[in-house]
Amino acid sequence: RRDEAFLIEGRKVPAVDTTGAGDCFCGALAANLAANMDLREAVEHANAAAALSVQKAGAAPSMPSKREVEAFLEGKAGYWKPYRAQISATMAAGATL
């Protein structure tokens, strides 16, 4: 129902850089709603997109593709794992973002 309230829990992910996460969420939400996706499902996808975006440095470079969001929702987010290892190594070496 359109007038029914719902809550989508945030996802716990290792955050590297939150720059652009809100823009990512809003863009994904708008794109999914424009594609006639159900509101709840659109919010879940937008939430996943933003969770992916905070795991990479920078605003534009951190925007995930639709395929990456779908893989993340299916628990197949292998694309992001090597990048997280690279960031961890960089941070351990004393670099700052």
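Start by selecting D38 and R40, at the start of helix 2. A side-chain oxygen of D38 comes to within 3.2 Å of the backbone nitrogen of R40. Keep in mind as you click around that this is a predicted model.

**Along helix 2**

Now select residues 39–53, which make up helix 2. Try a distance between the C-alpha atoms at its two ends: they are 21 Å apart. How does that fit the 21 Å that 15 residues should span at 1.5 Å a residue? It agrees.

Next, colour the helix by accessibility. Is helix 2 mostly enclosed or mostly open? It is largely enclosed by the rest of the structure, because 11 of its 15 residues are buried. To see them, select A42, V43, H45, A46, N47, A48, A49, A50, A51, L52 and S53.

**The salt bridge**

Stay with R40 and add E44 to the selection. Their side chains meet in a salt bridge, with 3.5 Å from N to O. Side chains of opposite charge can pair when their charged atoms come close. How many salt bridges does a search of the whole structure find? One, so no need to hunt for others, since the search covered the whole structure.

Look at how the pair sits on the helix. E44 and R40 are four residues apart in helix 2, so about one helical turn separates them. An α-helix has 3.6 residues a turn, so residues three or four places apart point the same way. Are these two hidden away? Check each in turn: E44 has 30% relative accessibility, so it counts as partly exposed, and R40, at 36%, counts as partly exposed too. The range for that label runs from 20% to 50%.

**Two buried stops**

Select H45, another residue of helix 2. Its relative accessible area is 13%, so H45 is buried; the cut-off for buried is under 20%. What does H45 touch, once residues up to four places away in sequence are set aside? Show N32, M37, V69, E70 and L73, and you have the list.

Move on to N47, also in helix 2. N47 counts as buried, at 13% relative accessibility. Leaving aside neighbours within four places in sequence, the contacts of N47 are I8, E9, G10, R11 and F25.

**Partly exposed stops on helix 2**

Select E41, found in helix 2. With a relative accessible area of 37%, E41 is partly exposed. Now add L29 and draw a line between the two C-alpha atoms: it comes to 9.3 Å, for residues 12 apart in sequence.

Then pick L39, which also belongs to helix 2. L39 counts as partly exposed at 40% relative accessibility. Add F6 and L33 and switch on the surface. Together with L39 they form a nonpolar patch there, with about 230 Å² of accessible area between them.

**Into the loop**

Step back to the loop between helix 1 (21–34) and helix 2, and select N36. What is the phi of N36? It is positive, about 65°, although N36 is not a glycine. Is N36 buried or exposed? N36 is exposed, with a relative accessible area of 71%.

**Ahead of helix 1**

Go further back to A15, in the segment before helix 1. A15 counts as exposed at 54% relative accessibility, since exposed means over 50%. Add Q55 to the selection. How many residues lie between the two positions as a separation along the chain? A15 and Q55 are 40 residues apart along the chain, and their C-alpha atoms are separated by 5.0 Å.

**Zoom out**

Finish with the whole chain in cartoon view. You will find four helices and zero strands, following the pattern α-α-α-α along the sequence. Colour by accessibility again: of the 97 residues in the chain, 32% are buried. The chain exposes about 6300 Å², and carbon and sulfur atoms supply 54% of that.

One last thing to try is a contact map. Take the contacts between residues at least 6 apart in sequence: 65% of them join residues at least 24 apart.

Terms used. Residues numbered from 1 in each chain as written. Predicted model: local features only at pLDDT ≥ 70, side-chain atom pairs only at ≥ 80, totals over all residues. Heavy atoms only, no water. Expected span 1.5 Å × (residues − 1). Buried < 20%, exposed > 50% of the residue type's maximum accessible area, 1.4 Å probe, protein only. Polar contact = N/O pair within 3.5 Å; in protein donor to acceptor, adjacent residues only side chain to side chain. Salt bridge = Lys/Arg side-chain N within 4 Å of Asp/Glu carboxyl O. Patch = residues over 30% accessible without salt bridge, like charges linked within 9 Å, V, L, I, M, F, W, Y side chains within 5 Å. Areas by Shrake-Rupley, 256 points an atom, 1.4 Å probe, with all protein chains shown as cover. Contact = heavy atoms within 4.5 Å.
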